Amino acid sequence: MPITYTSQEQVEVYRFSAPAAILIPLVALFLQAFLPLRLHFFSLFDLPLLVVIFFAVARRSQVSGLVTGSLIGLLQDSLTHQPIGIYGIANTVVGFGASSLGAKLDVENVGARFLVTLFFYAVHEVVYFTVARGLVKLTLQWSWGHEIGGALINAATAAVLFTLLDRFKQRA
Amino acid sequence: MSRYRNVTILVAILFVQVLGLAVQVKRRSGADESTRIIRLWTVSAVTPLEKALVWCQNGLGSIWNNYVYLRGVRQENRELKFEIERLRLEQVRLSDDAQQARRLQALLSFKETYIAKTVAAQVIGSSGSEQSRSVYIDKGTSAGVDKDMAVITADGLVGRVLRAYGSSAQVLLINDQSSGVGVILDKSRLQGVIKGTASGEVVLEKVMTDEQVTPGERIVTSGGDLIFPKGVTVGTVMKVTPGADLFLNIRVKPSANLSRLEEVLVITKKEDRAPAVAETNSVRAVDILTQRLPSVPDKPPAAVSQPPAPVTPAPTPKVLIALPKPRSEAGVNNSAASSAAATAMKPATGHKPAAADKPASEQPAKLAAGKPAGRVASKPVVAAPGSSAVPSKPGPSQPGTAEDIPH
């Protein structure tokens with residue numbers, strides 16, 4: 001039996017209905033593509049990434065997490081004009097990592113969710129920049145201020161968003 | 001083995017994605033085709049929602065603006081009318097210069113690329129990534145939009161169509177780092193390339209450090225890239241600093257507000273043709289003013305319904321392009337200007353604007369039907385004393401125009 005550092009004796013594993021599993025990522029993608037046109041500051045948010053973290057942590061299955069991350073990342077890539085796979089790789093790593101962490105730690109409370117999102121946003125950005133620069137030769141600028149701001153905003157959003165998405169959870 | 005199952009799957013999926021990336025990077029030109037299906041699926045899933053939302057938003061906005069929020073409309077209307085009057089007079093003045101330039105261009109067998117057809121489109125979505133500065137519009141191949149078509153707004157250049165789908169298209173903005181536009185500085189006539197930076201700024205490249213570039217100078221497209229038509233406003237020079245190498249660092253402020261795009265025009269057709277030198281009726285600013293003065297009423301309808309006399313060209317000189325005319329005698333060629341002038345004359349003459357307002361290429365059909373080109377001119381214009389009546393001059397395809405000039 002794996003050792004878990006949780007506040008409960010047993011970690012709870014959740015699943016989602018098929019409509020929720022399909023529609024939530026699609027709505028996240030849609031909002032990510034639509035809102036920056038009207039609300040310019042919204043380009044700081046990364047809703048598909050937050051959805052990947054949420055699903056991975058709730059399901060607590062590494063395979064499920066990396067597949068979810070991979071699919072959402074590839075869809076996110078296909079809306080851009082860049083080669084498909086940059087977001088795919090970054091979200092795959094985040095999905096795997098978040099589900100691994102979710103299996104070991106209790107990340108059901110707001111504070112834990114904030115910290116987990118902060119950490120995985122940083123992981124996502126590092127992987128994204130590495131792939132984009134190293135493999136695709138894109139010229140990207142790393143700005144510490146922008147990255148820290150983005151991480152804090154996304155972490156704060158995750159704390160609220162995950163509470164809303166909890167309604168779609170079903171006990172496995 | 002089952003202990004490493006998850007890690008093996010992770011490595012396998014990452015490997016497949018890296019392999020896919022490598023293939024796309026290697027075949028940059030063919031990458032678009034190989035990934036078309038997944039892009040098509042995603043765009044097909046997302047854009048209908050975006051279209052619906054934009055439609056609802058526009059509908060509600062339209063109801064609010066057109067039926068509810070009408071504060072200050074009367075005042076604005078009054079101001080706009082004054083503005084129209086002022087612009088109308090200015091247009092007549094400027095059309096003289098345009099006419100002269102066209103004559104000279106015709107003399108040199110100069111050919112220009114004209115914007116022949118545009119399609120209006122609504123911006124419905126973005127890429128959702130700060131690293132990809134592109135937007136989606138609600139018109140695709142079904143509306144005639146295709147790859148590499150230029151996209152503009154009334155303010156200036158926006159970008160070009162990167163991918164066209166059935167009912168939507170992806171437009172690469174000029175501030176994306178993978179875009180490039182051939183431009184020319186309006187005053188100094190220096191050529192360069194406009195590119196985007198990673199942070200979304202627009203810079204002008206390939207201008208040598210020994211050249212003189214001043215902030216505030218306007219930048220227009222040069223037409224050299226064969227995508228964007230010549231002369232479209234791109235932006236203005238914002239800041240000039242010496243670069244590390246032989247070139248200047250020139251920051252540009254785009255004319256179009258790229259972060260708040262709503263409606264754009266896609267240039268679906270361009271035409272290369274010689275400038276039309278349509279010698280139309282001379283209309284001067286003073287003519288427009290005098291037409292508004294009280295005048296003798298029109299002739300009775302019976303007199304008007306008489307068959308028009310055959311148009312016999314006045315003994316005009318065979319070649320009109322001799323010397324630049326004085327401003328007061330030069331003709332009006334600019335179609336917008338002449339149509340505005342014709343509109344201004346309408347109440348006094350009681351006639352519709354002459355067909356000569358249109359470019360020369362659109363004229364022969366009407367002339368062949370036996371309609372005189374200078375219909376307005378065929379009837380004596382009643383004008384106030386002191387004003388110059390509109391003289392009768394041959395239509396654009398009649399002898400004496402630039403079309404007959406031996407090159």
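Hi everyone. Let me start with one term: a residue is called buried when its relative accessible area is under 20%. Keep that in mind as we walk through this model, which is a predicted one.

Let's begin with chain A. Of its 172 residues, 54% are buried in that sense. Chain A has six helices and two strands, and if you read along the sequence, you meet them in the pattern β-α-α-α-α-α-α-β. How much of the contact in chain A comes from residues 24 or more positions apart? Counting contacts with a separation of 6 or more, the share is 71%.

While we are in chain A, please find R60(A). This arginine sits in the loop between α2, residues 47-59, and α3, residues 62-79. Here is something to look at in its backbone: R60(A) has a positive phi of about 60°, and it is not a glycine. As background, most residues other than glycine have a negative phi. Is R60(A) buried or exposed? R60(A) counts as buried because its relative accessible area is 11%, under the 20% cut-off.

There is another residue of this kind over in chain B. L226(B) is not a glycine either, and its phi is positive, at about 65°. You will find L226(B) in the loop between β9 and β10 of chain B. Its surroundings are another matter: L226(B) counts as exposed, because its relative accessibility is 73% and the cut-off for exposed is over 50%.

Stay in that loop for a moment. V232(B) is also placed between β9, residues 218-221, and β10, residues 233-242, of chain B. V232(B) is buried, with a relative accessible area of 12%. What does V232(B) touch, once we leave aside its neighbours within four places in sequence? The list is I152(B), G156(B), L157(B), I219(B), V220(B) and T221(B). You can also look at V232(B) together with D155(B): the two are 77 residues apart along the chain, and their C-alpha atoms are separated by 9.3 Å.

One more single residue before we zoom out, and that is T47(B). This threonine belongs to helix α3 of chain B, which covers residues 36-68. T47(B) is buried, with a relative accessible area of 6%. Its side chain reaches the backbone oxygen of V43(B) at 2.5 Å. Not counting residues up to four places away in sequence, T47(B) touches I124(B), Y136(B) and S168(B).

Now let's bring the two chains together. How many residues does each chain bring to the contact? Chain B brings 50 residues and chain A brings 41 residues. The area buried between them is about 4,000 Å², and carbon and sulfur atoms give 62% of that. On the chain B side, the residues that lose the most area to chain A are Q17(B), L21(B) and Q131(B), together 15% of what that side buries.

Next, the spaces inside. The count comes to eight cavities of 30 Å³ or more. The largest cavity holds about 170 Å³ of space. Which residues are closest to its centre? Out of 17 lining residues, they are D46(A), Y87(A), E125(A), E130(B) and Q131(B), so you will see names from both chains there. The elements that give two or more residues to this lining are α5, residues 110-134, and α6, residues 144-165, both of chain A. The largest share, five residues, comes from α5(A). By class, the lining of the largest cavity has six nonpolar, seven polar and four charged residues.

Finally, the second largest pocket. Its space is about 590 Å³. Among the 29 residues that line this pocket, the closest to its centre are H40(A), R133(B), N175(B), L258(B) and S259(B). Three elements each supply at least two residues of the lining: α1 of chain A, residues 18-38, together with β2, residues 134-137, and β11, residues 248-254, of chain B. Which of the elements gives the most? That is β11(B), with four residues. By class, the lining of this pocket has 11 nonpolar, 12 polar and six charged residues.

That's the tour. Thanks for listening, and I'm happy to go back to any of these spots.

Key. Residues numbered from 1 in each chain as written. Chains lettered and ligands numbered in written order. Predicted model: local features only at pLDDT ≥ 70, side-chain atom pairs only at ≥ 80, totals over all residues. Heavy atoms only, no water. 1 Å grid on protein atoms, 1.4 Å probe; cavity = no way out; pocket = protein on both sides within 12 Å on 5 of 7 lines; lining within 4 Å. Points joined across faces, edges and corners; volume = space filled by probe spheres on them. Nonpolar A, V, L, I, M, F, W, Y, C, P; charged D, E, K, R; others polar. Buried < 20%, exposed > 50% of the residue type's maximum accessible area, 1.4 Å probe, protein only. Polar contact = N/O pair within 3.5 Å; in protein donor to acceptor, adjacent residues only side chain to side chain. Contact = heavy atoms within 4.5 Å. Buried area = accessible area lost by both parts, 1.4 Å probe.
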